[in-house]
Amino acid sequence: MRRTGIDTANSKKNRIYHIVYTIMAAVFIFMIIWAAAANRGQSPASLLSEGKIPFDQGWYLEDGSVVDVNHLNKISSLEPYQEQRVYCRLPEDLKEGISLCFRAKNIYYQVYVDGELRYEPMRRESSVYNKSFGNRWNYVPLYHGDAGKILEVRFHTVYEGGRACIDNLYLGAAAGEIVGVFTGKAVAFSTCLLILFVGLLLIVVDIPANLQMHKNHELLYLGLFAISIAIWCLAETSMLQFYTDDSRLIQLVSCCALIMIPIPLALYLDAAFGFKHKMVVPGICGLSAAEFVIRTVLHFTGVMDYHETLTFSHFMLIISAFLLLYSILKKAFREGKSKKKNIYRVLRTIGFMVLSFAAVIDLLRYYWGSTNDNAMFVRIGLLIFIMC
């Protein structure tokens, strides 16, 4: 009885501490929100980007016909590996310290000012690389003396029917545009790093968890699945270019990460939910291994690189997403009949369903060609999954 009385007294005392701490936190949060709302100003990124000029209009071909640089693949005379040239006149009031800032996709290119080569990205060669640069941010320095001169971009595509483009075209300070890319992708980049950390943590935790009598590598498979998706999402943010300056390597990482997703997902589903049909896991793993072998042989023989055979990965991902949805819904329906509820299973079900739908949506967006960020919804799905 005496111990119970002491516990009750401590509980009441702790409740007072909780109330005091909550009041302190509420006061500080109110102060911060009030200060932020009352003293809003321009961020350093917006100050650096001040005065930038959109520069995606006024481009034309050698014959004088107008061209949309955002959709270079729609030029009727365009053929893979055949040089094409587009032109645009620079403004008469061009200031010193201005750069031509743009993102290039699936093309090789050089930038000229009045016939003088001003910029060409380093082209590293290796049989490991895909055929193109992939997505690459570029910042070409211009000078006051370039005002009114003709800017020329010579390029050639490497994929027939590929989505080749030069977009996000601006005349402005390179520093401002780089900071703008970082701030615009900060949440996506941080989410990917979080998922990567969680995946590594799950793999480490799997070691002591399996020192017990009944071994179950559910955590290991989930960790490998999370790492594969996180690496793919990191590559798709195009932020890694600012750390390596090798966009061809980043494109290769993106393609390889997609190949690595289905096997740990299938093994995790089998460990967590179990499959009635014993051939499901061998089937998924066998198809994934066959995809790896076929795509690798085609890549190194020069027939089709990893980027050209992305459809194989997308097919496997669609199968995996529907398999995931089927397993979760079947498990949820089976447990729904039981009176015993498990909040962890409910949250896990919600998280994986959101992730499955997100993967399907991003695949559809890729084939509709309506995006320059192929992993946006997957990142959101991953974030919701982590929260769950």
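**Cores, sheet and helix packing**

In this predicted model, the largest nonpolar core takes in 45 residues, and the ones with the most contacts inside it are F225, I229, C233 and F352. Quite a few elements chip in: those giving two or more residues to this core are β6, α3, α4 (218-236), α6 (247-259), α7 (262-272), α9 (310-336), α10 (343-368) and α11 (376-387). Of these, α4 gives the most, with eight residues. As for I229, leaving aside neighbours within four places in sequence, this residue is in contact with I261, L355, V378 and L382. Another core lies apart from the one around I229; this other core has 34 residues, including W59, L78, Y108 and Y119. As a rule, nonpolar side chains in soluble globular proteins tend to be buried together.

Next comes the sheet. Four strands make up an open sheet in the order β1-β8-β3-β6, with antiparallel pairing. The edges are taken by β1 (53-54) and β6 (135-141); each has a single partner strand, so one side of each is left without a neighbour in the sheet. For β6, the pairing with β3 is antiparallel and runs over seven bridges. One residue pair in this ladder is L100, whose bridge partner in β6 is V140. Helix α3 (residues 174-209) packs on the sheet, where the helix touches β3, β6 and β8 (165-172). The direction of α3 makes about 160 degrees with that of β6.

A closer look at β3 (residues 99-105) brings up S99, which sits in that strand. S99 has a relative accessibility of 7%, and because buried means under 20%, S99 counts as buried. Not counting residues up to four places away in sequence, S99 touches V140, P141 and L142, along with Y170, L171, G172 and A174. V140 thus turns up twice, as a contact of S99 and as the bridge partner of L100.

Back to the helices, with α3 and α11 as the pair of interest. Their axes come within 10 Å and cross at roughly 50 degrees, which makes α3 oblique to α11. The crossing of α3 past α11 is left-handed. On the α3 side, the contact is made by A188, T191, C192, L194, I195 and V198; on the α11 side, R379, L382, L383 and I386 take part. L382 is also one of the residues in contact with I229, and both α3 and α11 are among the elements that give two or more residues to the 45-residue core.

Technical notes: Residues are numbered from 1 along each chain as its sequence is written. This is a predicted model: local features need pLDDT of at least 70, side-chain atom pairs count only at pLDDT 80 or more; totals for chains, interfaces and linings use all residues. Side-chain values use heavy atoms; hydrogens and water are left out. Buried means under 20% relative accessible area, exposed over 50%, partly exposed in between (1.4 Å probe, protein chains only). Contact means heavy atoms within 4.5 Å. Two strands pair if DSSP finds at least two bridges between them. Axes are lines fitted to C-alpha atoms, for helices over the stretch in contact, and angles run from 0 to 180 degrees between N-to-C directions. A nonpolar core is a set of buried Ala, Val, Leu, Ile, Met, Phe, Trp, Tyr and Cys residues joined through side-chain atoms within 4.5 Å. Angles under 35 degrees count as roughly parallel, over 145 as roughly antiparallel, 65 to 115 as roughly perpendicular and the rest as oblique. A crossing is left-handed if the near helix is turned anticlockwise from the far one by less than a right angle, and right-handed if clockwise.
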